[in-house]
Amino acid sequence: MGFMSGEELVVTLAPVAVYWVYAGMYEAVLAHTTVLDRYRLHSRRDEETKNIASRKDVVRGVLLQQAIQAAISVAVLKIEGHAAAAAAAADGRAASPPAPAEPFLVVAARFGVAMLVLDAWQYFMHRLMHSVPYMYRRFHSWHHRVAAPYAYAAQYGHPVDGVLTETLSGAAAYLASGMSPRAAAAFFAFATVKGVDDHCGVAAPWNPLHAAFRNNAAYHDVHHQRGGGRRNFSQPFFVVWDRMLGTHAPYELRQRRDDGDGGGLEVRAFNKGQTTR
């Protein structure tokens, strides 16, 4: 057997492949057609003038974060595998053969646990990054260099922020849920798609993820707006922590004045108790 099994390889590399393929689809459609222009949350001019990080910096930053994420993923999988083998040896048993596929409802329950753990970890770490001035200036402010989000900037940030918020939350979700490597590959691919979608800068009403989750591109856009850094911390699935802990900001989507440069919609956030009219 090589250093990594096929399942371990898929768990490690599937999220990376899904990230670039899915983000690339958004970029290709936005760059070469006008199909999504009426649903854009930021014009092309916004992306050029509001974003401090260049697209080359974003690509380099994301690739670095994904390399670190892959290394930690391999370490977690290997530690878990060695622990299972050691436990079997201590009991005088041979290493367990691959487990049969679990029933769908069991896998769905494990997905649910993983989603809850991932959300909880990311909410509190994300909020901590904004609450401690040093952590924000030194680490998390990198992510906010992209004020007009676009798809492949979803994982852009300082490596320390990426490890503490993204990578460790994934490891915690995997270990707490007890899912198999095969199920984990599907879960992290789904979480990756959701993260890209939350940063895609497009609020298409027919997008099934936007319909299924209140935490979507428009919701997260509030957080990236000037003055929005203390609101809408929840990511990537639910908004429950924002609602429970008073950091939820309601918003409305409005038609943007036609400037001939895309950006068909804008997100207008409201303070607590304020109405949309």
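Let's start at Phe124, which sits in helix H4. This is a predicted model, and in it Phe124 is partly exposed, with a relative accessible area of 41%. Phe124 joins Val240, Met244 and Leu245 in a nonpolar surface patch of about 360 Å².

Now step back for the overall layout. The protein has ten helices and two strands, and from the N terminus on the elements run α-α-α-α-α-α-α-α-α-α-β-β. Of its 277 residues, 49% are buried. The accessible surface comes to about 14,200 Å², and carbon and sulfur atoms own 64% of that. If you take the contacts with a separation of 6 or more, 69% of them are between residues 24 or more positions apart.

On to the inside. The largest nonpolar core has 50 residues, and Tyr26, Val58, Met179, Phe187, Val196 and Val202 are the ones with the most contacts inside it. Two or more residues each come from helices H1 (6-32), H3 (55-90), H4 (104-131), H6 (159-177), H7 (181-198) and H9 (217-224), and from strand E2 (265-269). H7 gives the largest share, eight residues. For a view from one member, pick Tyr26: leaving aside neighbours within four places in sequence, Tyr26 is in contact with Leu36, Ala151, Val196, Asp197, Cys200, Val202 and Asn207.

Next, have a look at His223 in helix H9. His223 counts as buried because its relative accessible area is 1%. Setting aside neighbours within four places in sequence, its contacts include four histidines, His126, His130, His140 and His144, along with Gly228, Gly229, Arg231, Asn232 and Phe233. Follow that list to Gly229, in the loop between H9 and helix H10 (240-244). Gly229 is buried too, at 19% relative accessible area, where the cut-off is under 20%. Not counting residues up to four places away in sequence, Gly229 touches His130 and His223. The C-alpha atoms of Gly229 and Arg127 are separated by 9.0 Å, though the two are 102 residues apart along the chain.

Ser177, in helix H6, is another buried polar residue, with a relative accessible area of 5%. A polar atom of its side chain lies 2.8 Å from the backbone oxygen of Ala173. Beyond residues up to four places away in sequence, Ser177 touches Arg110, Val113 and Ala114.

That leaves the charges. Side chains of opposite charge can pair when their charged atoms come close. The structure holds 13 salt bridges. One of them joins Glu27 and Arg55, with the closest N and O atoms 3.2 Å apart. This pair links distant parts of the chain, since Glu27 is in helix H1 and Arg55 in helix H3, 28 residues apart. Glu27 counts as buried at 18% relative accessibility, while Arg55 is partly exposed at 33%. The two also belong to a network of salt bridges that links Glu27, Arg40, Glu47 and Arg55.

Two other bridges pair a buried acid with a partly exposed base. Lys50 and Asp46 meet at 3.9 Å, N to O; Lys50 is partly exposed at 43%, and Asp46 is buried at 12%. Arg254 and Glu252 also have their closest N and O atoms 3.9 Å apart, with Arg254 partly exposed at 32% and Glu252 buried at 10%.

Key. Residues numbered from 1 in each chain as written. Predicted model: local features only at pLDDT ≥ 70, side-chain atom pairs only at ≥ 80, totals over all residues. Heavy atoms only, no water. Core = buried A, V, L, I, M, F, W, Y, C linked by side-chain atoms within 4.5 Å. Buried < 20%, exposed > 50% of the residue type's maximum accessible area, 1.4 Å probe, protein only. Helix = DSSP H or I, 4+ residues; strand = E, 2+ residues; numbered from the N terminus. Contact = heavy atoms within 4.5 Å. Patch = residues over 30% accessible without salt bridge, like charges linked within 9 Å, V, L, I, M, F, W, Y side chains within 5 Å. Areas by Shrake-Rupley, 256 points an atom, 1.4 Å probe, with all protein chains shown as cover. Salt bridge = Lys/Arg side-chain N within 4 Å of Asp/Glu carboxyl O. Polar contact = N/O pair within 3.5 Å; in protein donor to acceptor, adjacent residues only side chain to side chain.
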